[in-house]
Amino acid sequence: QLQLVESGGGLVQPGGSLRLSCAASGFTFDSYSSYRISWFHQAPGKEREGVSCISSSGSVTEYADSVKGRFTISRDNAANMAYLQMNSLKPEDTGVYYCAMRRTSISDWCDYVGMDPWGSGTSVIVSS
C-alpha cells in the first residue's frame with residue numbers, strides 16, 4: 001500500500017524558513033519515479049489549495065502565485081523523497097501542508113488533479 005508521510009512543520013517567525021519533507025513508501029509494481037508530486041496548503045477555515053508540484057522526472061515545477069519566489073519544490077527519486085523549501089514565510093502561510101502523488105506516464109508535466117494517495121499533513125505556524 002502506497003503511503004506518504006510529511007514532516008518538518010513547526011512554529012516559525014515571519015521571514016523565517018522551514019523545509020518540509022515527504023517520504024513515500026509501499027511501492028511494489030512500480031517506482032517513485034513514475035509519480036508526480038504536489039504540495040497542498042490548507043489555511044485555518046479555508047479549503048485546501050495546491051501550492052507547488054513537480055513532474056515525475058523532476059524537470060518541471062509549478063508554483064502558485066502566492067508562493068512563487070519564496071518556495072522551492074524538489075525531489076530525490078533515489079530516496080523516494082520530496083521536499084518543499086519555504087523561505088520568507090508569512091503569517092498567511094500558516095496551515096497544514098499535505099503532499100500527494102499521482103501515477104503518470106508523462107515525465108514532464110505536473111498539476112494538482114486526481115492526486116492519490118495523500119499524506120496526513122504537517123502543521124506550519126508562522127507567528128511572532
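In the predicted model, Val-12 stands opposite Val-126 of strand β10. This pairing belongs to the contact between strand β2, residues 10–12, and β10, which run parallel and are joined by three bridges. On its other partner, strand β9 (residues 95–103), β10 is paired in the antiparallel sense, again over three bridges. Within this second pairing, Thr-122 of β10 is the bridge partner of Tyr-97, and Val-124 of β10 is that of Gly-95. Strand β10 itself, spanning residues 122–126, presents two faces: Thr-122, Val-124 and Val-126 make up the covered face, whereas Ser-123 and Ile-125 make up the uncovered one. The residues Thr-122 and Val-124, named above as partners of Tyr-97 and Gly-95, thus belong to the covered face, as does Val-126, the residue opposite Val-12.

These pairings form part of an open sheet of six strands, arranged in the order β2-β10-β9-β4-β5-β6 and with mixed pairing. Its edges are formed by β2 and by β6 (61–63), each of which pairs on one side only. Neighbouring strands of the sheet are turned against each other by 25 degrees on average, direction being ignored.

A second set of pairings is centred on strand β8. Strand β3 pairs with β8 in the antiparallel sense over six bridges, and Leu-20 stands opposite Leu-84 of β8. Strand β7 is likewise joined to β8 by six bridges, and these two strands run antiparallel. Here Met-81 of β8 is the bridge partner of Asp-76. The hairpin formed by β7 and β8 has four residues between the strands, and in it Asn-80 adopts a positive phi near 55 degrees. Five of the six residues of β8 are buried, so this strand is largely enclosed by the rest of the structure.

Side chains of opposite charge can pair when their charged atoms come close. The structure holds four salt bridges, of which three are described here. One of them is formed by the side chains of Asp-30 and Arg-103, with an N to O distance of 2.7 Å. Because Asp-30 lies in the loop between β3 (18–25) and β4 (35–42) and Arg-103 lies in strand β9, this pair ties together parts that are 73 residues apart in sequence. Both partners are partly exposed: the relative accessible area is 21% for Asp-30 and 49% for Arg-103. With buried defined as under 20% and exposed as over 50%, the value of 21% places Asp-30 in the partly exposed class, and the value of 49% places Arg-103 there as well.

A further salt bridge joins Asp-93 to Arg-70, the closest N and O atoms being 2.7 Å apart. The two residues come from distant parts of the chain, Asp-93 from the loop between β8 (81–86) and β9 and Arg-70 from the loop between β6 and β7 (71–76), with a separation of 23 residues. Asp-93 is buried at a relative accessible area of 5%, and Arg-70 is buried at 9%.

The side chains of Asp-111 and Arg-36 also meet in a salt bridge, at 3.0 Å from N to O. Again distant parts of the chain are linked, since Asp-111 is placed in the loop between β9 and β10 and Arg-36 in strand β4, 75 residues apart. Both Asp-111 and Arg-36 are buried. For Asp-111 the relative accessibility is 18%, and the residue therefore counts as buried, the limit being under 20%.

The surroundings of Asp-111 can be described further. Leaving aside residues up to four places away in sequence, Asp-111 touches Arg-36, Ser-38 and Cys-53; Arg-36 is also its salt-bridge partner. A polar atom of the Asp-111 side chain lies 3.2 Å from the backbone nitrogen of Val-113. Asp-111 and Met-101, which are 10 residues apart in sequence, are separated by 9.9 Å in space, C-alpha to C-alpha.

Technical notes: Residues are numbered from 1 along each chain as its sequence is written. This is a predicted model: local features need pLDDT of at least 70, side-chain atom pairs count only at pLDDT 80 or more; totals for chains, interfaces and linings use all residues. Side-chain values use heavy atoms; hydrogens and water are left out. Buried means under 20% relative accessible area, exposed over 50%, partly exposed in between (1.4 Å probe, protein chains only). Two strands pair if DSSP finds at least two bridges between them. Axes are lines fitted to C-alpha atoms, for helices over the stretch in contact, and angles run from 0 to 180 degrees between N-to-C directions. Contact means heavy atoms within 4.5 Å. A polar contact is a pair of N or O atoms within 3.5 Å; within protein, one must be able to donate a hydrogen and the other to accept it, and residues adjacent in sequence count only if both atoms are side-chain atoms.
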